[in-house]
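Here is a friendly walk through one protein model, element by element. Please keep the sequence and the 3D view open as you read.

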Amino acid sequence: MKSFVFFLAFLAASVVAAAAPAPAQSLRTDLVAIEGEFVRLSDLFDGVSNDKAVLRAPAPGRRVSIEVTQLVDIARANGVAWRPQTRFDRVLIERAGRTLDLNDILPPLRKALQAEGVRATDEIDLGSRSVTVSLPLDAPTDVEVRQMQFDRAQNRFTATIVAGGAHQGAQRLTLHGRVHATARVPVLRRAVNAGEIIRSGDVEFAHIREDGGRRDVIADPQRLIGLAARVRLREREPVRESDVRAPTLVARNASVTIVLQAGNLQLSAQGRAIEDGARGDTIRVLNVQSNRTIEATVVGTDMVSVQLMRPLAALQQ
């Protein structure tokens, strides 16, 4: 059926072309960018003297394809000496526009929600929807919230916004979303690799949702400083208790000093750590002089102490 319609259109165009001495006009083959509200003959054909508006332009920022049958009708109705070469002939029209996104929409939306009692630090969630508004180039970029309905019990809202002020090309948009309460917690300025020590300069604050289900998030920044990462920690993410540990002061197979303090008497011996340990951990250590394995507490870098109730012989040959 489409082929038959094209044949009729092609035949009609051929009749028109036959009446003219020679086709003086040609089809625009490049992408045609326009700014106004209408598509004109010169946007479709090269070499036309009549620049009549023949179609409504697409919305700002949008693109439309004018197909061959419509082009034939336009040419015939306006005396354009053009005929199609193939059934795939077409013209792509794109209307220039100014696009507004969430960075433009959120500030007035947040201000309207704050008037309803929402905190400035709360998170505004519009779901997975990508919100953009395209305006004509001569339209103002003002965004105004005309209507706001906020359900405090559910923390849900419906807002009607208008972008473009009083311009005839202004756009109206209805947004549905939810507000989430946030808490101020320490996060990392940079990614920290496993085993790396967190320094004071690595920590800053951010607001995260309270309903995230991460109840073991560390809220005191001082507790983070000096700890080692168990796994790779991502930038700008809160840190959980299970993500960090005390730094290893004694590494497995490392040479250590075994110390026993008994009153004014202090004995020491050389040992080898059988396992890793952080400050305060009790680990197994081999006394290399007696070749006996003992349990000792990590007290410093490559240094352990033996509980006072342990026999002194454990440190002696």
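## A sheet of four strands

Let's begin with β12 and β13, which pair in the antiparallel sense over 8 bridges. To find one spot in this pairing, look for F157: its bridge partner in β13 is G177. Please keep in mind throughout that this is a predicted model.

The two strands belong to an open sheet of 4 strands, in the order β9-β13-β12-β11, with antiparallel pairing. At the edges sit β9 and β11, each of which pairs on one side only. On average, neighbouring strands of this sheet are turned by 30° against each other, direction ignored. As background, strands of a sheet pair through backbone hydrogen bonds, either parallel or antiparallel.

## The helix across the sheet

Now turn to helix α4, which lies across β9, β11, β12 and β13 and runs at about 45° to β11. The helix covers residues 102-114, and its 13 residues should span 18 Å at 1.5 Å a residue; the end C-alpha atoms are 17 Å apart, which agrees. At the start of α4, the backbone nitrogen of N103 has a side-chain oxygen of D101 within 3.0 Å.

Which residues of α4 are buried? They are I105, L109, A112 and L113. These residues cover an arc of only 95° around the axis, so they sit on the same side of α4. A general point helps here: an α-helix has 3.6 residues a turn, so residues three or four places apart point the same way.

What covers the buried residues of α4? The cover includes β9 (123-125), β10 (133-135), β11, β12 and β13 (171-180). On the face turned away from the buried side, α4 carries the exposed residues N103 and K111.

## Two hairpins that share a strand

Further along the chain, β22 (residues 282-287) and β23 (residues 292-300) run antiparallel and are joined by 6 bridges. Their hairpin has 4 residues between the strands, and N291 takes a positive phi near 60° there.

β23 is also joined to β24 (residues 303-305), by 3 bridges, and this pair runs antiparallel too. The hairpin of β23 and β24 has 2 residues between the strands, and D302 in the turn has a positive phi of about 55°. T297 is a handy landmark in β23: T282 stands opposite T297, and T297 also stands opposite S305 in β24.

## Two asparagines in loops

Where is N155? The loop between β11 (143-151) and β12 (156-163) holds N155, so this asparagine links back to the sheet described above. The phi of N155 is near 55°, a positive value in a residue other than glycine. Is N155 buried or exposed? N155 falls in between: its relative accessibility is 31%, so N155 counts as partly exposed.

N253 lies in another loop, the one between β18 (248-250) and β19 (255-262). This residue, again other than glycine, has a positive phi near 75°. With a relative accessible area of 49%, N253 is partly exposed; the exposed class is reserved for values over 50%.

Technical notes:
Residues numbered from 1 in each chain as written. Predicted model: local features only at pLDDT ≥ 70, side-chain atom pairs only at ≥ 80, totals over all residues. Heavy atoms only, no water. Buried < 20%, exposed > 50% of the residue type's maximum accessible area, 1.4 Å probe, protein only. Pairing = 2+ DSSP bridges. Expected span 1.5 Å × (residues − 1). Arc of directions from axis to C-beta. Contact = heavy atoms within 4.5 Å. Polar contact = N/O pair within 3.5 Å; in protein donor to acceptor, adjacent residues only side chain to side chain. Axes fitted to C-alpha atoms, helices over the stretch in contact; angles between N-to-C directions.
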